[in-house]
Amino acid sequence: MEQRVNDVGGLPGMTIRQETHPATLHQKRVDALYVLLTSPPVSAFRVDSIRRTIETNTAEDYRNLGYYDKWIRAVRSVLIEQQILTAAEIETRMNEIRQRPVVDATVACVNP
């Protein structure tokens, strides 16, 4: 059986950072999006779909992407796979968002 990219238990040099830190706005948004998409009444997909998608990352992506970056990429992939959105729809919306003026997140958040 081939070792999956996420199966790193027991490998040398794999340290786990255990310090805590406040969640960033990006992390909170990814988590909120995931909760909204997996909870009723939407229930677009389940956690196993996300896990399966993350496990298909390349070794380089798995090593270099942050935890929430892996999750948001997986959410995008599953939305396309489930035919909830198309890649073009997502890209169009992302382009619209990129055109917005940059807002200071500390001012925009009630609880930074």
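Colleague: Before we turn to the backbone, in which helix is Thr-53 found?

Modeller: In this predicted model, Thr-53 is found in helix α2.

Colleague: Is Thr-53 buried or exposed, and which residues does Thr-53 touch, leaving aside those up to four places away in sequence?

Modeller: A residue is called buried when its relative accessible area is under 20%; Thr-53, with a relative accessible area of 10%, is therefore buried. Once residues up to four places away in sequence are set aside, Thr-53 touches Ala-74, Ser-77 and Val-78.

Colleague: How should I read the backbone angles, and what kind of peptide bond joins Pro-40 and Pro-41?

Modeller: The general idea is that most residues other than glycine have a negative phi, and that most peptide bonds are trans. Here, the bond that joins Pro-40 and Pro-41 is cis, with omega at about 5°, and Pro-41 lies in the loop between α1, which covers 25-38, and α2, which covers 47-54.

Colleague: What is the phi of Ser-43, and where does Ser-43 lie?

Modeller: Ser-43 is not a glycine, yet its phi is positive, at about 45°, and the residue lies in the loop between α1 and α2. With a relative accessible area of 41%, Ser-43 is partly exposed.

Colleague: Where does Gln-83 lie, and what is its phi?

Modeller: Gln-83 lies in the loop between α4 (67-81) and α5 (87-98), and its phi is near 60°, a positive value in a residue other than glycine. Exposed means over 50% relative accessible area, so Gln-83, at 73% relative accessibility, counts as exposed.

Methods: Residues are numbered from 1 along each chain as its sequence is written. This is a predicted model: local features need pLDDT of at least 70, side-chain atom pairs count only at pLDDT 80 or more; totals for chains, interfaces and linings use all residues. Side-chain values use heavy atoms; hydrogens and water are left out. Helices (H or I, at least four residues) and strands (E, at least two) are DSSP runs, numbered from the N terminus. Buried means under 20% relative accessible area, exposed over 50%, partly exposed in between (1.4 Å probe, protein chains only). Contact means heavy atoms within 4.5 Å.
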